[in-house]
Amino acid sequence: MKPTAAQATELRRIRKELANLGLCLPGSINIRTGRCGKTNCTCHAQPPRLHGPFRSWTRKLAGKTITRLLSQEQLDDYQPYFDNHRRLKDLVHQIEQLSLDIVEADERWNST
Ligand SMILES: [Zn+2]
């Protein structure tokens with residue numbers, strides 16, 4: 001069982017990208033504006049002035065959902081880490097797929 005030259009090149013590319021990846025923050029960002037319960041508030045005026053934007057960061061920890069509000073400055077600072085995490089998941093998927101392709105090509109599957 002040996003990777004092809006193309007598969008070996010692919011593996012090197014993935015490993016290099018993984019090695020160069022910076023901080024990775026899991027979770028998703030949601031930005032929203034909203035109205036409150038006070039009927040005389042400007043958020044119910046015409047035109048409305050909505051509250052927010054509220055930037056919430058949601059992630060799972062030990063099966064629990066954790067949500068925290070971020071300032072715009074925090075979001076600006078952390079955005080590259082969220083982007084890196086998305087790239088990390090993508091690279092993990094790629095290395096899994098490459099591994100499956102290599103193992104699927106193993107001729108010993110046919111002799112058992
Ligand atoms: Zn309001």
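**Zinc site and helix 2**

H51 is partly exposed, with a relative accessible area of 29%. This histidine is one of the protein donors of a zinc ion, which H51 contacts through NE2. The model is predicted. Two topics follow: the zinc site and helix 2.

**Zinc site**

- Besides H51 (NE2), the protein donors of the zinc ion are the SG atoms of C36, C41 and C43, and the donors lie 1.9 to 2.4 Å from the ion.
- Along the chain, the donors of the zinc ion follow the spacing C-x4-C-x1-C-x7-H.
- C36 lies in the loop between strand 1 and strand 2, while H51 is in strand 2, so the pair ties together parts that are 15 residues apart in sequence.
- The site is tetrahedral, with angles of 106 to 114° among its four donor atoms.
- For four tetrahedral donors, the ideal angle at a metal is 109.5 degrees.
- Like H51, C36 is partly exposed, and its relative accessible area is 27%.

**Helix 2**

- Helix 2 covers residues 72-104, 33 residues in total.
- From first C-alpha to last, helix 2 reaches 47 Å, close to the 48 Å expected at 1.5 Å a residue.
- Helix 2 has a kink of about 45° at Y78, shortly before the proline P80.
- Its buried residues are L75, F82, N84, H85, L91, Q94, L98 and I102.
- These buried residues of helix 2 pack against helix 1 (5-20) and against three strands: strand 1 (28-34), strand 2 (51-61) and strand 3 (64-70).
- Strand 2 is thus named in both topics: it holds the zinc donor H51, and the buried residues of helix 2 pack against it.

Technical notes: Residues are numbered from 1 along each chain as its sequence is written. This is a predicted model: local features need pLDDT of at least 70, side-chain atom pairs count only at pLDDT 80 or more; totals for chains, interfaces and linings use all residues. Side-chain values use heavy atoms; hydrogens and water are left out. Helices (H or I, at least four residues) and strands (E, at least two) are DSSP runs, numbered from the N terminus. The expected span of a helix is 1.5 Å times one less than its number of residues. The bend at a residue is the angle between axes fitted to the seven residues ending there and the seven starting there. Buried means under 20% relative accessible area, exposed over 50%, partly exposed in between (1.4 Å probe, protein chains only). Contact means heavy atoms within 4.5 Å. Donors are N, O and S atoms within 2.8 Å of the metal (3.2 Å for Na, K and Ca); water is not among the atoms, so sites may look incomplete. Four donors count as tetrahedral if all angles lie between 85 and 135 degrees; four count as square planar and six as octahedral if opposite donors are over 155 degrees apart and all others between 65 and 115; anything else is irregular.
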